[in-house]
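Visitor: Please take me through this model, starting with the vocabulary.

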2 protein chains.
Amino acid sequence: MEKKEKKLIDTCPVRKSLDIIGGKWKLLIIGQFFGAEMLRYGDLKKLIPEISEKMLNQELKFLCKANILSKKIFHETPLRVEYALTDLGKQVIPFIGMLADLGNKLEELEGEA
Amino acid sequence: MEKKEKKLIDTCPVRKSLDIIGGKWKLLIIGQFFGAEMLRYGDLKKLIPEISEKMLNQELKFLCKANILSKKIFHETPLRVEYALTDLGKQVIPFIGMLADLGNKLEELEGEA
DNA sequence: TGGGGTACTTACCTTTTGGTTGGTTTTACT
DNA sequence: AGTAAAACCAACCAAAAGGTAAGTACCCCA
């Protein structure tokens, strides 16, 4: 029943999105699911070799809580866990392309007066 | 003549965009220019009262260097400085609306199973 | 019994980001 | 000479984000 006094700045929907999109790894992780139905923990480790396991876990946990990714555990042996984009998560994908376009325009102007 | 060994991850255009969009204040500052031809330093301080002067200066400087904002100095008295969106900066505006839409969808699902 | 595979977790440390406070400069007005 | 307004800077500090290294749990197979 705790009633947190949230500031406007924290309840702003833009900021909610930045929580998903911001950070060093989240968008990179989400991007891996473009063209991949589902990915396992180990797949992501291979696809993004620079990421530490701590970060990968942390971000996966976050993205699941945020309803961007779903997690399916198969109690096989060896243990298998599959991550996939939720419907909501799929809506993030187009942003990646748009951000890339913008980024390319930014590069063109680099160093210009 | 320094030749920095940049990693792929740093030259990625998506990351360039995240530099502009990320952080606590940059998008908020850019958003103030929606419907405003130009804004003065003092205007922005009033429009975003929570921001510290250090951050406002820092981000304005960054956004100018990144070709998102232009800066015009009028050597009047008292000194007048006007900031405005560049053509490139105007291309960031639509993102704000899109991020807000996504953010609203995120909120709808908050706490759901 | 012990090594290997998969999926994590924890403790500790460094780097980055952001906040606080108190300056500076220029010009004008009184 | 003193004060004020606008724009900006710098030193210091705290909090958040990210990195490193090691360990856990589970099960299998040799």
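Guide: Helices (H or I, at least four residues) and strands (E, at least two) are DSSP runs, numbered from the N terminus. This is a predicted model, in which local features need pLDDT of at least 70 and side-chain atom pairs count only at pLDDT 80 or more, while totals for chains, interfaces and linings use all residues. Residues are numbered from 1 along each chain as its sequence is written, chains are lettered from A and ligands numbered from 1 in the order in which they are written, and side-chain values use heavy atoms, with hydrogens and water left out.

Visitor: How many helices and strands are there in chain A?

Guide: Chain A has seven helices and three strands. Their order along the sequence is α-α-α-β-α-α-β-β-α-α.

Visitor: And what share of chain A counts as buried?

Guide: The figure is 39% of its 113 residues, where buried means under 20% relative accessible area, exposed over 50% and partly exposed in between (1.4 Å probe, protein chains only).

Visitor: Which residues of α2(B) are buried?

Guide: Helix α2 of chain B covers residues 13-21, and seven of its nine residues are buried. They are B:Val14, B:Arg15, B:Lys16, B:Ser17, B:Leu18, B:Ile20 and B:Ile21.

Visitor: What follows α2(B)?

Guide: B:Gly23 follows α2(B), and its phi is positive, near 80°.

Visitor: Changing topic: what turn lays chain B on chain A?

Guide: A turn of 180° with a shift of 0.0 Å along the axis lays chain B on chain A with an RMSD of 0.0 Å. That is the relation of a two-fold axis. In chain B, the C-alpha nearest the axis belongs to B:Gly22, 3.0 Å from it. The superposition is by least squares on the C-alpha atoms of residues with pLDDT of at least 70 in both copies.

Visitor: Why do the copies meet through the same surface?

Guide: Because 100% of the interface residues of chain B are also interface residues in chain A. Contact here means heavy atoms within 4.5 Å.

Visitor: On to the DNA. Which residues come nearest to strand D?

Guide: Of the 19 residues around DNA strand D, the nearest are A:Lys24, A:Lys54, A:Thr77, B:Glu53 and B:Lys71. A residue is near a molecule or strand if one of its heavy atoms lies within 4 Å of it.

Visitor: What are some polar atom pairs with strand D?

Guide: A polar contact is a pair of N or O atoms within 3.5 Å; within protein, one must be able to donate a hydrogen and the other to accept it, and residues adjacent in sequence count only if both atoms are side-chain atoms. A polar side-chain atom of A:Trp25 lies 2.9 Å from a phosphate oxygen of DNA strand D. A side-chain N or O atom of B:Glu53 is 2.7 Å from a base nitrogen of that strand.

Visitor: Which element gives the largest share of the surface near strand D?

Guide: α5(B) does, with four residues.

Visitor: What about strand C: which element gives the most there?

Guide: α5(A) gives the most to the surface near DNA strand C, with four residues. Among the polar pairs, a side-chain atom of A:Glu53 lies 2.6 Å from a base nitrogen of DNA strand C, and a backbone N or O atom of A:Val81 is 3.3 Å from a phosphate oxygen.

Visitor: How many of the residues near strand C are charged?

Guide: Eight are charged, with six nonpolar and five polar. Ala, Val, Leu, Ile, Met, Phe, Trp, Tyr, Cys and Pro count as nonpolar, Asp, Glu, Lys and Arg as charged, and the others, Gly among them, as polar.
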